[in-house]
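Biologist: Could we go through this structure together, one topic at a time?
Modeller: Certainly; please bring it up.
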Amino acid sequence: MIKALALAVSGVLVGSAALAGPYVNVENNGGYQGDDGYLGSTTDIHVGFEGSSDVYGYYIQGGPAVVAPDGDDAEMEISGKIGGSVQATDSFNVYGEVSFITDDIDPIFGTKIGVKYNF
């Protein structure tokens, strides 16, 4: 059920890419821990679009994710991100993101929120 929903959302993203600032984002995230060293990686292959209006910016992206644990077979999942930012002043920016990746049991969600100050 979750994978079917994620595939449908990815299809909408691909079909909607012509609406605003389309892009492709390929990103690899590797994991390392202490003496164990390399744990594995996840490579997102996303299609998305981004836009802005005045001080507001946004993006939405999604697509396949190749999850490759060290010493185990790689698996294909679906992942995505939606985020935005507000340029509060010339030097101060506030941003946030919600992300997900499917899993055999339950989807995994993540959040990010932060501020950036330019000197």
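Modeller: The turns below cover the fold, the charged pairs, the rings, the surface patches and the backbone.

Biologist: What should I know about the model and its numbering beforehand?
Modeller: The model is predicted, with local features requiring pLDDT of at least 70 and side-chain atom pairs counted only at pLDDT 80 or more, while totals for chains, interfaces and linings use all residues. Residues are numbered from 1 along each chain as its sequence is written, and side-chain values use heavy atoms, with hydrogens and water left out.

Biologist: Which secondary structure does the chain have?
Modeller: The chain has one helix and six strands, in the order α-β-β-β-β-β-β along the sequence. Helices (H or I, at least four residues) and strands (E, at least two) are DSSP runs, numbered from the N terminus.

Biologist: What share of the residues is buried?
Modeller: Of the 119 residues in the chain, 24% are buried. Buried means under 20% relative accessible area, exposed over 50%, and partly exposed in between, with a 1.4 Å probe and protein chains only. The areas themselves come from the Shrake-Rupley method with a 1.4 Å probe, and for residues only the protein chains shown count as cover.

Biologist: On to charges: how many salt bridges are there?
Modeller: The structure holds two salt bridges, each defined as a side-chain nitrogen of Lys or Arg within 4 Å of a carboxyl oxygen of Asp or Glu. In one of them, glutamate 27 meets lysine 81 at 3.1 Å, N to O. This pair links distant parts of the chain, with glutamate 27 in strand β1 (residues 22-33) and lysine 81 in strand β4, 54 residues apart.

Biologist: Is lysine 81 buried or exposed?
Modeller: Lysine 81 counts as buried because its relative accessibility is 15%. Its partner glutamate 27, at 28%, is partly exposed.

Biologist: And which residues pair at 4.0 Å?
Modeller: The side chains of lysine 112 and glutamate 97 do, N to O. Lysine 112 belongs to strand β6 and glutamate 97 to strand β5 (residues 92-101), and the two are 15 residues apart. Glutamate 97 is buried at 13% relative accessibility, whereas lysine 112 is partly exposed at 44%.

Biologist: Changing topic, how many aromatic pairs turn up?
Modeller: A search of the whole structure gives two aromatic pairs. Tyrosine 32 and tyrosine 38 make a tilted pair, 5.4 Å centre to centre with 55 degrees between the planes. Tyrosine 117 and phenylalanine 119 make an edge-to-face pair, at 5.2 Å and 80 degrees. Rings of Phe, Tyr and Trp (its six-membered ring) pair if their centres lie within 6.5 Å; planes under 30 degrees apart count as stacked, over 60 as edge-to-face and the rest as tilted.

Biologist: Is phenylalanine 119 buried or exposed?
Modeller: Phenylalanine 119 is exposed, with a relative accessible area of 96%. In the tilted pair, tyrosine 32 is exposed at 62% and tyrosine 38 is partly exposed at 33%.

Biologist: Which residues make the nonpolar surface patch?
Modeller: Val55, Tyr56, Val86, Val94 and Val115 make a nonpolar patch of about 400 Å². Patches consist of residues with over 30% relative accessible area and no salt bridge; like charges are joined within 9 Å, and nonpolar side chains (Val, Leu, Ile, Met, Phe, Trp, Tyr) within 5 Å. Valine 115 lies in strand β6 (residues 108-117) and is exposed at 53% relative accessibility.

Biologist: Where does valine 55 lie?
Modeller: Valine 55 is in the loop between β2 and β3, and it is partly exposed at 38% relative accessibility. Its C-alpha is 5.0 Å from that of glutamine 87, although the two are 32 residues apart along the chain.

Biologist: Which residues gather in the negative patch?
Modeller: Asp72, Asp73, Glu75, Asp103 and Asp106 gather there on the surface. Lys and Arg count as positive and Asp and Glu as negative, without His and the chain ends; a charge is placed at NZ of Lys, CZ of Arg, CG of Asp or CD of Glu. Aspartate 72 sits in the loop between β3 (56-69) and β4 (75-87) and is exposed at 54% relative accessibility.

Biologist: Lastly, what is the phi of aspartate 54?
Modeller: Aspartate 54 has a positive phi of about 55 degrees although it is not a glycine. Most residues other than glycine have a negative phi. Aspartate 54 lies in the loop between β2 (37-53) and β3 and is exposed, with a relative accessible area of 78%.
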